[in-house]
Structures are given as C-alpha cells and as structure tokens.
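The following explanation examines selected side chains, beginning with how accessibility is classified. Please consult the sequence and the coordinates alongside the text.

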Amino acid sequence: PPAAAVDELLDHLGEAFAAASGHRSRTAIAEARRHFIVEHPLHPFAAEYFSNPEPSSSEQTPSTLFTYDSDCAEIAAALNTHSARAGAPFLIRPLPPPEHGNANGDDPVIEFSAFERFWRHPVRALLRDRLGIRFSKTPSALLDLEPFTLNHAGRCLLAERTLPVLLAAGAHEGAARAACI
C-alpha cells in the first residue's frame, strides 16, 4: 500500500478525474484512481518488462512497462523458455498403492511415524517414501564469522585430545589441567 500522503493524493486525483468526467459514484472514483497507478512486477527480470516493444517518447503511457537492462532480458528469456518446457506434469500416471499392506491384501497400514513425517514435510515424504529420491544432507547455514576462540565445549574436546598426548610426553600435570580450563 502507498504511504498516507500518496494515498490521499490518489484519492484527490480520483475524485477530480471522476468529477471532470461527470461521474461521482464510488466505483467511478475507484476506476479513476486506478488510472494513476502503475503496478510494477517485483523482479526486474519479469516477462512484463520485455513483452512490449520499447516505447517512443510520444507513445509512452503510464501502463507501458519497459527496461533497457540486457542482463535481465537474458534472464527473462531463459525463464520464458523454461516455463514453456515446464508445462509437462511431474507425474505422468498415478502412483501405485503403497506396499505397506497386511497379509490379507486389505487397505495399507500406515505407521503413525510415517503419517507424522508426511504432515511435517509432504514434499519430502513424497520424494523419499514414494519415489525413492533421497537428497544428501547439507549444512543449512554457513557461519559468516570465523570463530577464533573456543567455547566451553570446544575447549573440553580439545583437552580430551591433547591431554593424553601431554601426559604421554611427560608434560607437567598442571599444564595439562590448564588446557582444560
């Protein structure tokens, strides 16, 4: 939504435009207000920017969207060709029933853990359980900062690794304890 000052300006322009055309109804004012608004796509590579030819200065209207960004034009063209190919369905035919049936051939028995896993993440359950597609686990986020100091758990892990080496080398017992602190 526009800022309050812009919203009031649009209201005033809509009323003035509607009054000049002889209509003062609420719908006429709303239609006149929409005449002054140009909604732009959220992405600079949206197809709407590249579907219209470049306007000349004499034919440019508020509803004409254009851009001169050639990089975004390449992205928009790639997205348009990909979306034309993406019209094919992901699954061509229905999946066979799940194999979790009982010996009598009755309805499949679904364990509660599988049911819960499905409701937590349906797409993952479809890909993993029904289609057998498994994705490797990757770290969800990388740290932006390099840790230069160890926290308490890190110091203790380091001490567990270095303490036996120091004791085996005959180092002083006080130095080994200081490594854990």
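A residue is called buried when its relative accessible area is under 20%, exposed when that value is over 50%, and partly exposed in between. The model under discussion is predicted, and every value given here is computed from it.

By this scale Trp119 is exposed, because its relative accessible area is 57% and the class begins over 50%. Phe115, at 42% relative accessibility, counts as partly exposed. Phe118 is likewise partly exposed, with a relative accessible area of 35%.

Phe118 is placed in helix α5, which covers residues 112-120. Phe115 and Trp119 also belong to helix α5, and because they are four residues apart there, about one helical turn separates them. The rings of Phe118 and Trp119 have centres 5.2 Å apart and planes at 75°, so this pair is edge-to-face; the angle qualifies because planes over 60 degrees apart are classed in that way.

How many aromatic pairs does the structure hold? There are four aromatic pairs. One of them joins Phe115 and Trp119 in an edge-to-face arrangement, with 6.2 Å from centre to centre and 70° between the planes. Trp119 therefore takes part in an edge-to-face pair with Phe115 as well as in one with Phe118. A single aromatic cluster is formed by Phe112, Phe115, Phe118 and Trp119.

These aromatic residues also contribute to the surface. Together with Ile110, the residues Phe112, Phe115, Phe118 and Trp119 form a nonpolar surface patch, whose combined accessible area is about 590 Å². Membership of such a patch requires over 30% relative accessible area, and the 35% of Phe118 satisfies that requirement.

A further site concerns a charged side chain. Arg33 lies in helix α2, spanning residues 26-35. Is Arg33 buried or exposed? Arg33 is buried, because its relative accessible area is 18% and the limit for this class is under 20%.

Which residues does Arg33 touch, leaving aside those up to four places away in sequence? The contacts of Arg33 are with Pro2, Asp7, Leu10, Asp11 and Gly14. With Asp11 there is also a polar contact, in which the side chains of Arg33 and Asp11 are joined at 2.4 Å.

Terms used:
Residues numbered from 1 in each chain as written. Predicted model: local features only at pLDDT ≥ 70, side-chain atom pairs only at ≥ 80, totals over all residues. Heavy atoms only, no water. Helix = DSSP H or I, 4+ residues; strand = E, 2+ residues; numbered from the N terminus. Buried < 20%, exposed > 50% of the residue type's maximum accessible area, 1.4 Å probe, protein only. Polar contact = N/O pair within 3.5 Å; in protein donor to acceptor, adjacent residues only side chain to side chain. Contact = heavy atoms within 4.5 Å. Patch = residues over 30% accessible without salt bridge, like charges linked within 9 Å, V, L, I, M, F, W, Y side chains within 5 Å. Areas by Shrake-Rupley, 256 points an atom, 1.4 Å probe, with all protein chains shown as cover. Salt bridge = Lys/Arg side-chain N within 4 Å of Asp/Glu carboxyl O. Phe/Tyr/Trp six-rings, centres within 6.5 Å; stacked < 30°, edge-to-face > 60°.
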